[in-house]
Amino acid sequence: LLGADGSVRPTIFAEMSALAARTGAINLGQGFPDEDGPAAVLDAAVAAIRAGENQYPPGMGIADLRLAVAEHQKRFYGLDLDPDREVLITAGATEAIAATLLALLEPGDEVVTFEPYYDEYGAVIALAGGVHRTVPLEPPAFRPDLDRLRETVTDRTRAILVNTPHNPTGTVLDRETLTTVVELAERHDAVIITDSVYEHLTFGPEHIPLESLPGARERTIAISSGGKTFNTTGWKVGWLTAPPELVTAVLAVKQFLTYVNGAPFQPAIAAGLRLPDAYFTGIADALAHKRDVLSAGLSAAGFGVFPSDGTYFVVADAAPLGFPEGVELCRRLPELAGVVAVPLGAFSRGEYAARTASLVRFAFCKRMEVLEEAARRLAALA
Ligand code: PMP
Ligand code: GLN
């Protein structure tokens, strides 16, 4: 995690946001919205601060947010959860992922993820002394080869960590893939961890919560967060749902990571989770339109553009523009076009990274006028 000179190496997201700030370029690198979410959610946080909800909340999270998470899982996925034993509030999905992996892994235990993968997975598996095995998602559709998955999951596998909708590719994993994950986890007695922070941001294919599949519930730690759904990425309110004994195991670690966080933001996220269905479909519709505008701009600029069915992100190929290395394009993009993006290499390693070196991720979770301006600037590349 340290650079060659012994300093802390910033994540690619921090590095690219700093590059955008330094150059004044439009930041389509780090995935965060540039507008506030619903007023009802913001007002609830302000009200909670004014009402004095500013001290440590309970270790499991405030009861009303745990209840709101359980209600949300019932409303959208038909799942019945005990809010007192099967829901744990965390400091974002980031902490839920870290505490889960630290709780489950003994040195040498293997964790299987798809590749590319959210950078935190690799870092925390390494911190826990685990071994990270990956199954590639092949462009253009970024679907896994299920036989490859069957070969990779073995009795050494402690956990299979599945992110859908998928950052960075925008893929929404289908039922066959998720069912295969469950079968393999059962066969090899592995825990399943799901990262569904983009669960409401799909543009066609529906998000399937893996824990709703037969046989999955009793071995799944399902993770999500309020950041993407309510445009509150800086609040860091996340959660996980799991059988009581798995919640207890994760809580044992979590209490020594942050202990608790976000007292006044917890009731606000509870208010968000109780917004009417129209809110949730509305955000996906608005985002689908933004994806279309940015994807069209990237195509017009000469990129090869891959389809994105969900998340904040679209992957584009810089090779047709004469950049076989996406890293090189990302370094030069502020100067060439006044835009910042993230190379796909930040989410992969070794042979896969080499094979996909020309791919770059762009975020479209920005105001429409910002995306239109980015498209105009990118046209300079053509
Ligand atoms: N998982 C994925 C796939 C993400 O993209 C992100 C954040 N961008 C996180 C987890 C972290 O979520 P949070 O901000 O709630 O910690
Ligand atoms: N998840 C966001 C992204 O992929 C931001 C993550 C971060 O800054 N750690 O861009």
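Helices (H or I, at least four residues) and strands (E, at least two) are runs assigned by DSSP and numbered from the N terminus. With that in hand, welcome to a quick tour of this predicted model. Asn231, for instance, sits in the loop that links strand 8 (220-225) to strand 9 (238-241). We will visit the two ligands, then two helix pairs, and finish with some backbone details.

**Around the ligands**

- Ligand 1 has 14 residues around it, and the closest are Gly92, Ala93, Thr94, Asn167 and Ser225.
- Helix 4 (residues 92-104) is the biggest contributor to this shell, supplying three residues.
- By class, the shell of ligand 1 holds nine polar, three nonpolar and two charged residues.
- Around ligand 2 you will find Thr11, Phe13, Gln30, Gly31 and Asn167.
- Four residues of the ligand 2 shell are polar and one is nonpolar, with no charged residues.
- Asn167 is worth finding on screen: it is listed among the closest residues to ligand 1, and it also belongs to the surroundings of ligand 2.

**Helix 2 with helix 9**

- The axes of helix 2 (residues 39-50) and helix 9 (residues 265-273) come within 8 Å and cross at roughly 150 degrees.
- Angles over 145 degrees count as roughly antiparallel, and helix 2 and helix 9 are therefore roughly antiparallel to each other.
- The crossing of helix 2 and helix 9 is right-handed.
- On the helix 2 side, the contact uses Ala40, Val41, Ala44, Ala45 and Ala48, while helix 9 brings Phe265, Pro267, Ala268, Ala271 and Gly272.
- Nine residues of this contact between helix 2 and helix 9 are nonpolar, one is polar and none is charged.

**Helix 4 with helix 5**

- Helix 4, met above at ligand 1, also pairs with helix 5 (residues 119-127): their axes come within 9 Å and cross at roughly 30 degrees.
- Because angles under 35 degrees count as roughly parallel, helix 4 and helix 5 are roughly parallel to each other.
- The crossing of helix 4 and helix 5 is right-handed.
- Thr94, Ile97, Ala98 and Leu101 of helix 4 meet Glu120, Val124 and Ile125 of helix 5.
- This contact of helix 4 with helix 5 has five nonpolar residues, one polar and one charged.
- Thr94 thus appears in two places: in the contact with helix 5 and among the closest residues to ligand 1.

**Backbone details**

- Most residues other than glycine have a negative phi, and most peptide bonds are trans.
- Pro139 and Pro140 are joined by a cis peptide bond, with omega about 10 degrees, and Pro140 lies in the loop between strand 4 (131-138) and strand 5 (143-144).
- Another cis peptide bond links Asn167 to Pro168, with omega about 15 degrees; Pro168 is in the loop between strand 6 (157-163) and helix 7 (175-187).
- Asn231 is not a glycine, yet its phi is positive, at about 55 degrees.
- Asn231 counts as buried because 21 other C-beta atoms lie within 10 Å.
- Lys236, in the loop between strand 8 and strand 9, likewise has a positive phi of about 55 degrees although it is not a glycine.
- Lys236 has 19 C-beta neighbours inside 10 Å and so counts as partly exposed.

**A pair apart in sequence**

- His289 belongs to helix 10 (residues 277-301) and is partly exposed, with 13 other C-beta atoms within 10 Å.
- From His289 to Phe364 the C-alpha to C-alpha distance is 9.5 Å, and the two are 75 residues apart in sequence.

Technical notes
Residues numbered from 1 in each chain as written. Chains lettered and ligands numbered in written order. Predicted model: local features only at pLDDT ≥ 70, side-chain atom pairs only at ≥ 80, totals over all residues. Near = placed C-beta within 6 Å. Nonpolar A, V, L, I, M, F, W, Y, C, P; charged D, E, K, R; others polar. Buried ≥ 20, exposed ≤ 12 C-beta atoms within 10 Å, placed from the backbone. Axes fitted to C-alpha atoms, helices over the stretch in contact; angles between N-to-C directions. Parallel < 35°, antiparallel > 145°, perpendicular 65-115°, else oblique. Left-handed = near helix turned anticlockwise from the far one by under 90°. Contact = placed C-beta atoms within 7 Å.
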